[in-house]
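Please open the structure in a viewer and keep the selection panel at hand. The tour below proceeds stop by stop, with a selection to make at each one.

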Amino acid sequence: MEIPYKIYLSEEEIPRAWYNVRADMKVKPAPLLVPNTLKPATADDLSHVFCDELVKQELDNDHAFIEIPDDIRNFYKMYRPSPLVRAYCLERALGTPAHIYYKFEGNNTSGSHKLNSAIAQAYYAKKQGLKGVTTETGAGQWGTALSMATAYFGLDCKVYMVKVSYEQKPFRREVMRTYGASVTPSPSDTTNVGRAILAEHPGTTGSLGCAISEAVETAVSNEGYRYVLGSVLNQVLLHQSVIGLETKTALDKYGIKADIIIGCAGGGSNLGGLISPFVGQKLRGEADYRIIAVEPASCPSFTRGKYAYDFCDTGRVCPLAKMYTLGSNFIPSANHAGGLRYHGMSSTLSELYHQGLMEARSVEQTSVFDAAVQFARVEGILPAPESSHAIRVAIDEALKCKQTGEAKNIVFGLTGTGYFDLVAYQKYNDHQMSDYIPTDEELQKSLAQLPKVEK
Ligand SMILES: *Cc1c(COP(=O)(O)O)cnc(C)c1O
């Protein structure tokens with residue numbers, strides 16, 4: 001059967017339920033712990049921070065399928081199903097016998113997969129009768145997606161944006177404001193934790209961990225507000241499973257069996273969503289796949305981090321998570337893939353990696369942009385720097401196939417577009433991009449400060 005350039009699905013083929021990979025894991029991801037007691041977090045512990053229904057999803061290790069409410073599914077219809085593209089042009093340019101496919105999630109105004117979870121989280125907040133939600137954003141993709149989702153459901157949205165991005169990415173900020181969100185540069189003087197950080201580090205340009213603390217404090221101290229997060233959490237991986245379910249439906253339509261599945265990993269949500277149904281098959285012994293997580297060499301949680309309980313935020317107000325981490329005090333050097341600069345990694349992916357069900361690879365920034373440009377010139381799409389990490393490894397694997405003559409099926413997640421990342425492309429084009437990799441001493445320093453948790 002001739003495989004088209006784009007494998008489109010019909011609206012009917014948008015999944016009716018998300019798939020929860022935890023249900024098929026024999027060893028479950030480690031539970032979140034309450035910071036002061038270090039006891040596993042219960043629904044009661046979490047419900048003042050997160051929406052009730054989302055707490056339920058966060059703690060649900062048992063139900064394999066969770067129905068997607070119609071209001072969310074109808075919103076998905078505006079930009080889903082997303083195409084699975086056969087990268088014929090890239091294959092030809094590489095001269096590889098491999099077949100390369102990518103699932104493109106950049107077909108919406110937010111420009112990334114983050115909208116898949118933003119709309120779900122906004123829906124449950126609305127359903128609970130809340131006034132609004134708070135969140136943090138680093139590079140701005142999550143804040144943009146969330147502001148689109150809250151606008152749709154008529155909710156207020158307060159975004160704490162890492163100060164350096166607030167200043168460097170005024171256009172992202174303006175998209176959020178256009179969708180009705182209020183955007184505050186973090187650290188700010190609007191919260192106790194922000195004021196404390198400013199007093200201790202005057203002139204700091206902020207970090208994701210600090211913005212999270214501010215957003216959580218604002219949620220718990222304002223009646224009718226809850227905090228929402230765009231990655232890392234189990235609930236986010238659950239919502240992102242639409243990516244993997246659609247990918248599997250599209251591949252199955254043409255009888256294609258993926259050999260290698262590749263995704264970039266920041267907090268792990270797009271990768272977790274893409275691989276979920278495939279890992280489910282692996283866990284049930286039905287099929288085997290090679291799965292590769294790709295992270296920046298500047299923020300290598302999987303490849304150089306430690307599997308341990310750690311704080312999720314600088315202010316230490318969030319529950320602790322067991323994950324591959326570089327330590328919550330680790331501040332990665334200025335890498336242009338803002339969405340991949342988190343110190344930790346999803347607990348679910350961390351456990352899968354720990355069990356040897358997936359591999360991880362770290363790649364350097366300039367080689368990522370080499371791949372991005374090569375891809376853009378033949379496939380047309382200008383990829384986000386984050387997504388380009390996956391492109392780098394997809395190309396590397398395709399070139400290995402060229403040497404061995406194997407026609408492997410390589411599938412990767414193209415999470416978004418790079419229109420707001422042109423400063424990064426400018427640096428690359430001007431040959432001013434650097435490849436800073438942390439030394440072992442630097443990593444040791446932040447890892448030495450991991451909390452002491454028996455387990
Ligand atoms: C946020 C982001 C990522 C990384 O987040 P994950 O939760 O690891 O998926 C990757 N690509 C794009 C385009 C993003 O915006």
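Which atom of the ligand does a polar side-chain atom of asparagine 270 lie 2.7 Å from? Select Asn270 together with the ligand: the partner of this polar side-chain atom is an oxygen atom of the ligand, at 2.7 Å. Bear in mind throughout that the model is predicted.

**The ligand and its contacts**

Keep the ligand in view and add serine 231. An N or O atom in the side chain of serine 231 is 2.5 Å from a ligand oxygen atom. Next, display the backbone of glycine 268, where a polar backbone atom is 2.8 Å from an oxygen atom of the ligand. Taken alone, the ligand exposes 380 Å², and the protein buries 98% of that area.

**The surrounding shell**

Now extend the selection to every residue within 4 Å of the ligand. This shell holds 18 residues, and the closest are Lys114, Ser231, Ser269, Asn270 and Thr415. Colour the shell by class: twelve residues are polar, four are nonpolar and two are charged. If cavities are drawn as well, look at the largest one, which is the space taken by the ligand.

**Two cis peptide bonds**

Leave the ligand and select arginine 80 and proline 81. The peptide bond that joins them is cis, with omega near -10 degrees. Proline 81 belongs to the loop that runs between α3 (70–76) and β4 (84–86).

Then move to serine 186 and proline 187. Here too the peptide bond is cis, with omega near 5 degrees. Proline 187 is placed in the loop between β8 (182–186) and α9 (192–200).

**A positive phi**

Select leucine 38 next. Although this residue is not a glycine, its phi is positive, at about 60 degrees. Leucine 38 lies in the loop between β2 (17–19) and α1 (43–46).

**The whole protein**

Finally, zoom out and switch to a cartoon view. The protein contains 18 helices and 15 strands. Along the principal axes, its C-alpha atoms fill a box of roughly 60 × 50 × 45 Å. The radius of gyration is 20 Å; because a compact globule of 455 residues would have a value near 23 Å, the protein agrees with that expectation.

Note on methods:
Residues are numbered from 1 along each chain as its sequence is written. This is a predicted model: local features need pLDDT of at least 70, side-chain atom pairs count only at pLDDT 80 or more; totals for chains, interfaces and linings use all residues. Side-chain values use heavy atoms; hydrogens and water are left out. A polar contact is a pair of N or O atoms within 3.5 Å; within protein, one must be able to donate a hydrogen and the other to accept it, and residues adjacent in sequence count only if both atoms are side-chain atoms. Accessible areas come from the Shrake-Rupley method with a 1.4 Å probe; for residues, only the protein chains shown count as cover. On a 1 Å grid over the protein atoms alone, a cavity is a set of points where a 1.4 Å probe fits but cannot get out, and a pocket is an open set with protein on both sides within 12 Å along at least five of seven lines; lining residues have an atom within 4 Å of a point. A molecule sits in a cavity or pocket if more than half of its atoms lie within 2 Å of its grid points. Ala, Val, Leu, Ile, Met, Phe, Trp, Tyr, Cys and Pro count as nonpolar, Asp, Glu, Lys and Arg as charged, and the others, Gly among them, as polar. Helices (H or I, at least four residues) and strands (E, at least two) are DSSP runs, numbered from the N terminus. The radius of gyration is taken over C-alpha atoms; the globule rule is 2.2 Å times the number of residues to the power 0.38.
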